[in-house]
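Grab a coffee and work through these exercises with the model open beside you. Try each task before you read its solution.

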Amino acid sequence: MSVSVAAEWQALYNRYYRKSEIYSMVWQKMDLSRHKVACARFGGPIAVIRDDSKIVQLYAESARRKLQIFNSAGRLLASSVWDRPGGRLIGLGWTDEETLVCVVQDGTVYRYNIHGELQEPHISMGKECWEQNVVECIIWGNGLVCLTEGNQLFCIPDLQRPIPFKLTDPNLEEPPLSMTVIEPHYTMSGNVEVLLAVNDYVLVVEEEAVQQQGIGIGPLQKMAVSPNGNFLASFTHDGRLLVVSTDFSKVLFEFNSESALPPEQLVWCGMDSVLLYWEDMLVMVGPYGDSVKYFYDEPVVLIPECDGVRILSNSNMEFLQRVPDSAESIFKIGSTSPAALLYDALDHFDRRSAKADENLRLIRSSLPEAVETCIDAAGHEFDISRQRTLLRAASYGRAFCSHFQRDRFREMCQTLRVLNAVRHYEIGIPLSIQQYKVLTAPVLIARLINAFQHLLALRISEYISLSQETVVMHWACAKITAASTVQDGPLLELLLEKLKACKGIAYAAVAAHADRKSRRKLATMLLEYEPRSSEQLG
């Protein structure tokens with residue numbers, strides 16, 4: 001059983017990596033090479049718009065550009081005509097709140113929700129930015145930086161409180177060769193640092209200072225900061241991948257790519273390796289200079305996650321990650337670890353072989369460790385049948401193990417039920433267990449609510465014992481917004497059926513939403529059910 005699993009792995013020095021298909025994309029006739037594409041982290045949505053900087057044959061499609069939003073499986077969530085003024089679209093990216101940010105040439109920032117609805121107000125990067133034209137833009141978790149034709153930098157560190165300001169003038173005569181940012185929560189100052197590759201060094205630009213770093217390191221044609229902000233991967237003019245600390249005090253390793261052309265994309269795969277993508281080839285380079293090549297006959301977009309990289313192509317969504325220690329312990333060819341023997345024992349038990357008892361006797365003293373490893377490995381699997389087999393192995397071992405924490409098994413089953421539900425292609429949120437832990441359950445619930453997946457959000461909240469009030473409140477407000485043609489009486493009945501089932505509902509808040517939607521009579525009727533008299537008066 002284990003041979004077929006490990007046969008899919010690739011070795012990088014002493015570490016294994018696996019690339020698994022998560023989805024076969026359900027969208028039709030998509031050509032990523034002709035579009036600007038922005039993919040949200042944590043298995044979030046994909047925004048696609050035709051790239052007007054490329055001369056392409058229009059085929060039979062409309063000359064009018066459309067902004068389309070898909071889930072990670074390629075199911076269309078929203079589509080709207082792109083007719084925003086302000087010149088060419090320069091930057092496209094998602095914030096941590098899954099707001100789509102679009103930056104155009106004159107420095108206007110447009111924001112869309114996941115349903116393709118334009119959010120007011122628009123943001124301006126300021127008069128000076130407007131006069132100079134934006135040529136490059138980087139959007140990160142909750143902020144953005146723009147570079148203008150005049151080689152000036154303008155920043156909004158927090159898009160929820162959008163106050164643009166100008167960074168220190170880097171005094172450049174020519175545009176930088178490449179540009180990246182170190183996000184504020186990774187810098188000593190707590191402010192964003194912009195790295196500009198200039199000549200053979202890097203300029204570190206902040207709000208009130210410019211520092212010249214890494215003299216002799218360049219010229220650098222591509223740069224990418226590691227997920228923890230400590231390291232910088234860069235591609236040099238002579239075809240080397242160079243990884244240095246972000247204070248430029250130490251070179252960690254270099255790798256000769258034997259390519260004169262810089263890669264189209266350069267991203268980190270977790271903290272262990274770096275990916276370089278050229279037109280038909282993806283190269284993964286490990287910390288000791290070992291490399292693995294993957295070949296593609298269609299364009300791909302690399303989406304870095306905290307524990308790996310999602311790879312989006314016209315036809316598939318894949319996930320490339322380091323093989324978790326627990327999975328390696330069980331499935332590595334020739335492994336004799338307690339967990340591997342327990343997994344093997346289940347196979348013998350299913351075939352009614354006496355070797356099952358022999359395996360269990362061999363690992364009797366290590367049985368709790370073997371059970372825990374099987375449970376952990378199940379959590380890292382996307383394949384449901386393999387999850388079940390690993391959990392069955394854990395359950396089989398647990399029956400002979402009196403000291404094992406039974407809650408651990410139950411919690412993993414619960415977590416996997418949640419993950420499998422949101423991974424379904426209709427929902428299309430392919431979270432790994434590590435991403436789920438970083439994102440947290442309440443944030444996942446909030447994302448489901450914003451996507452109007454209220455029923456699933458309610459069921460998950462109930463299943464993992466989270467408050468259902470937020471879900472029901474959002475559903476009620478969304479229902480009022482959508483039901484503009486429904487009479488107050490029938491709509492009130494529909495709302496009360498769900499609202500009464502949830503204790504502690506703030507009827508006044510729902511009534512306030514109804515009032516904002518010019519449903520004053522409905523608001524008055526809802527207030528009659530508000531138990532707190534002070535809220536009724538408000």
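**Exercise 1. Work out which helices and strands build the lining of the second largest pocket, and which gives the most.**

Solution. Start with the elements that each supply at least two lining residues: strand β9 (108-112) and the helices α10 (441-450), α12 (469-482) and α14 (507-516). Next, pick out the top contributor: α12 gives the most, with five residues. Keep in mind that you're looking at a predicted model.

Now for the pocket itself. Its volume is about 750 Å³. There are 29 residues in the lining, and the closest to the pocket centre are N113, H115, Q119, N450 and H474. Finally, sort the lining by character: ten residues are nonpolar, eleven are polar and eight are charged.

**Exercise 2. Find the salt-bridge partner of K19 and say where along the chain the two residues sit.**

Solution. First, the partner: K19 pairs with E318, and their closest N and O atoms are 3.2 Å apart. That fits the salt-bridge cut-off, which is within 4 Å. Then place them: K19 belongs to strand β2 (residues 15-24) and E318 to strand β29 (residues 316-322), so this bridge ties together distant parts of the chain, 299 residues apart.

Last, check the surroundings. K19 counts as partly exposed because its relative accessible area is 25%, while E318, at 14%, is buried. The line for buried is under 20%. This bridge belongs to a structure that holds 23 of them.

**Exercise 3. Decide whether D158 and R161 are buried or exposed, given that their side chains meet in a salt bridge.**

Solution. Take the contact first: the N to O distance is 3.1 Å. Now the two ends. D158 has a relative accessible area of 16%, so it's buried. R161 comes in at 59%, so this one counts as exposed; the mark to pass for that is over 50%.

**Exercise 4. Trace the salt-bridge network that R322 belongs to.**

Solution. Begin with one link: the side chains of R322 and D272 meet in a salt bridge, at 3.5 Å from N to O. R322 lies in strand β29, whereas D272 sits in the loop between β23 (265-269) and β24 (273-278), so here too distant parts of the chain are linked, 50 residues apart. R322 itself is partly exposed, with a relative accessible area of 29%.

Now widen the view: salt bridges with shared partners join R15, D272 and R322 into one network. As a general point, side chains of opposite charge can pair when their charged atoms come close.

Technical notes
Residues numbered from 1 in each chain as written. Predicted model: local features only at pLDDT ≥ 70, side-chain atom pairs only at ≥ 80, totals over all residues. Heavy atoms only, no water. Helix = DSSP H or I, 4+ residues; strand = E, 2+ residues; numbered from the N terminus. Buried < 20%, exposed > 50% of the residue type's maximum accessible area, 1.4 Å probe, protein only. 1 Å grid on protein atoms, 1.4 Å probe; cavity = no way out; pocket = protein on both sides within 12 Å on 5 of 7 lines; lining within 4 Å. Points joined across faces, edges and corners; volume = space filled by probe spheres on them. Nonpolar A, V, L, I, M, F, W, Y, C, P; charged D, E, K, R; others polar.
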